[in-house]
Amino acid sequence: MPAAGSDNHAAPPLPRTVRIGYGLGSLCTGTFATVPGLILLYYLTNVLAVPAAVAGAAVFLPKAWDVLINPLVGALSDRSRLRGGPRRPFLLIGACTLPPLFALIFAAPPLRGAGAAGYVAVLFVLAATAYAVFQVPYVTMPAEMTEDPHERGRVLGWRVGFLGVAILLSGALAPAIAHADGDTPESYRLMGAVVAVLLAVGMFGAWLATRRAPAAARSEAESSLRAQLAAARSSTPFLHLAGMWTLQALAIGVMLAGVQYFATYTLGSADAVTPLFACLIGPLVLFMPLWNRLARRKGVTYAQWCASLLYTAGAVLLAFTGAAGPAIGYAAVGLVGIAYAGLQLLPLTMLAETLAADAAVTGRRRAATFTGLWTAAETLAFALGAGVFALVLAVTGFRSSDAAHQADQPAAALTGITAGMSVLPAVIAAASLLLLHRYGAAPTPPRPLQEEPARAD
């Protein structure tokens, strides 16, 4: 929000290259959020013969590390005196480290079982650290490039647009390459290298294009996770909004982890993951502008209710695939995909509005603190989604195997795969509606923003 008495609309707009170039960074964030959640658990259980419970831990624990590393990265970025500003040098460090580390995750030596899980977990921890180095400064930059909310909205529009492209491209491309030779270690190794190139394009592109970005404002995150949580507790709207999105991200994470298993064991073909994922992600490009239009006409909270209810309904319908046939499954995933287009856009819009209202009420610019918590919670939720689905597999008796010998699954495991892909995400999404209701019940009344007094160094 602008300082009192300022005229932000008189400020020059950001260069178009900066807006588009910043959006390129979403090729990284969208890809890294999608590909591991979509195929890493399946890679462990069905290619490297890792037991489901161990595989779930190997996927979840490295991403949970982000909750601890994000505040540290935010604090280091805030205090940075590196040439190029406090944010862009971190983008470059992330761009140099994440792509090769990601490729190495899927380049495991000839190990099986616990040894393979240990290798993947170590590389995933390193990759998650490199991702945090890029992501935390990246999500802070729009609030610092301009104080004009309209201009900031244009920047975020490019970010969300490239996010949709990244999810669609990586989500369709990665499984297609991985399954090209029948789920062999070599095909997964090639997939890791190709996705690493996509990550590098987005990360280096964002770093290069934002060199002309102005520094209109500076927000600083708290130096520790405990201090960030204390700041968040002072904003009830942010707590409700972040809690709602965390539950919805968890539901999405569970469903993403289950897509490959659902294709293989419920639809009967591992290759079915490509059209299934196309139904899930394809509506992003078509329906995201429609969700944006609905938000402008009816309000963003109203649009978020519509998207949340549609997601829940689609997940429930998905449970009837086994009885009604694959067509119902594809249709249900299509409904989920339409809702997913809104869930990728609307919570970010609500977050921007919440941060602006918080700045107006408190007189403090806490965007870095709140966005750091937001990204940490989102990352943890997506990682926990894979862990939860792995727990469902373990409880229902799923049998792990390697690429050369696929094990037959008991009936309980097949039921668990369908329920974990449908009923469980529906229940989690329904729980998020309570927090959405509380978010909209007591909006924070704005008042003019007062600038913070200068700090003594």
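A residue counts as buried under 20% relative accessible area and as exposed over 50%, with partly exposed in between. That yardstick comes up again and again in what follows, and the model it is applied to is a predicted one. Take C279: its relative accessibility is 24%, so this cysteine lands in the partly exposed class. C96 sits at 47%, so it too counts as partly exposed. As for disulfides, a search through the whole structure turns up zero.

Zooming out, the protein chain is built from 17 helices and zero strands. Of its 457 residues, 56% are buried. The accessible surface adds up to about 17,800 Å², and carbon and sulfur atoms account for 67% of that. The chain also brings together residues from well-separated stretches of sequence: among contacts between residues at least 6 apart, 84% join residues at least 24 apart.

Two helices are worth a look for their length. Helix α14 runs over residues 326–362, and its 37 residues should span 54 Å at 1.5 Å a residue; the end C-alpha atoms turn out to be 53 Å apart, which agrees. Right after α14 comes G363, with a positive phi near 75°. Helix α12, made of the 19 residues 300–318, reaches 27 Å from its first C-alpha to its last, close to the expected 27 Å.

Which residues of α12 are buried? The list is V300, A303, Q304, A307, S308, Y311, T312, G314, A315 and L318. These residues cover an arc of only 170° around the axis, which puts them on the same side of α12. The spacing fits a simple rule: an α-helix has 3.6 residues a turn, so residues three or four places apart point the same way.

A small oddity of the backbone shows up at A49. Most residues other than glycine have a negative phi. A49 is not a glycine, yet its phi is positive, near 55°. This alanine is found in the loop between α2 (26–46) and α3 (52–79). With a relative accessible area of 25%, A49 is partly exposed, because the buried class stops under 20%.

Then there are the aromatic rings. The whole structure holds 14 aromatic pairs. In one of them, Y42 and Y261 meet edge-to-face, with 5.2 Å centre to centre and 70° between the planes. Where do the two partners sit? Y42 belongs to helix α2 and Y261 to helix α9 (residues 236–266), so the pair links distant parts of the chain, 219 residues apart. Both tyrosines are tucked away: Y42 is buried at 2% relative accessibility, and Y261 is buried at 0%.

Y261 has another ring partner, F398. Their centres are 5.6 Å apart and their planes stand at 80°, so this pair is edge-to-face as well. F398 lies in the loop between α15 (367–395) and α16 (411–421), while Y261 is in helix α9, so the pair ties together parts that are 137 residues apart in sequence. F398 is buried too, with a relative accessible area of 9%. Y261 therefore pairs with a ring in helix α2 and with one in the loop that follows α15.

Elsewhere, ring pairs join up into a cluster. Its members are F32, Y43, F102, F106, F124, Y131 and Y188.

Notes: Residues numbered from 1 in each chain as written. Predicted model: local features only at pLDDT ≥ 70, side-chain atom pairs only at ≥ 80, totals over all residues. Heavy atoms only, no water. Helix = DSSP H or I, 4+ residues; strand = E, 2+ residues; numbered from the N terminus. Expected span 1.5 Å × (residues − 1). Buried < 20%, exposed > 50% of the residue type's maximum accessible area, 1.4 Å probe, protein only. Arc of directions from axis to C-beta. Disulfide = S-S within 2.5 Å. Contact = heavy atoms within 4.5 Å. Areas by Shrake-Rupley, 256 points an atom, 1.4 Å probe, with all protein chains shown as cover. Phe/Tyr/Trp six-rings, centres within 6.5 Å; stacked < 30°, edge-to-face > 60°.
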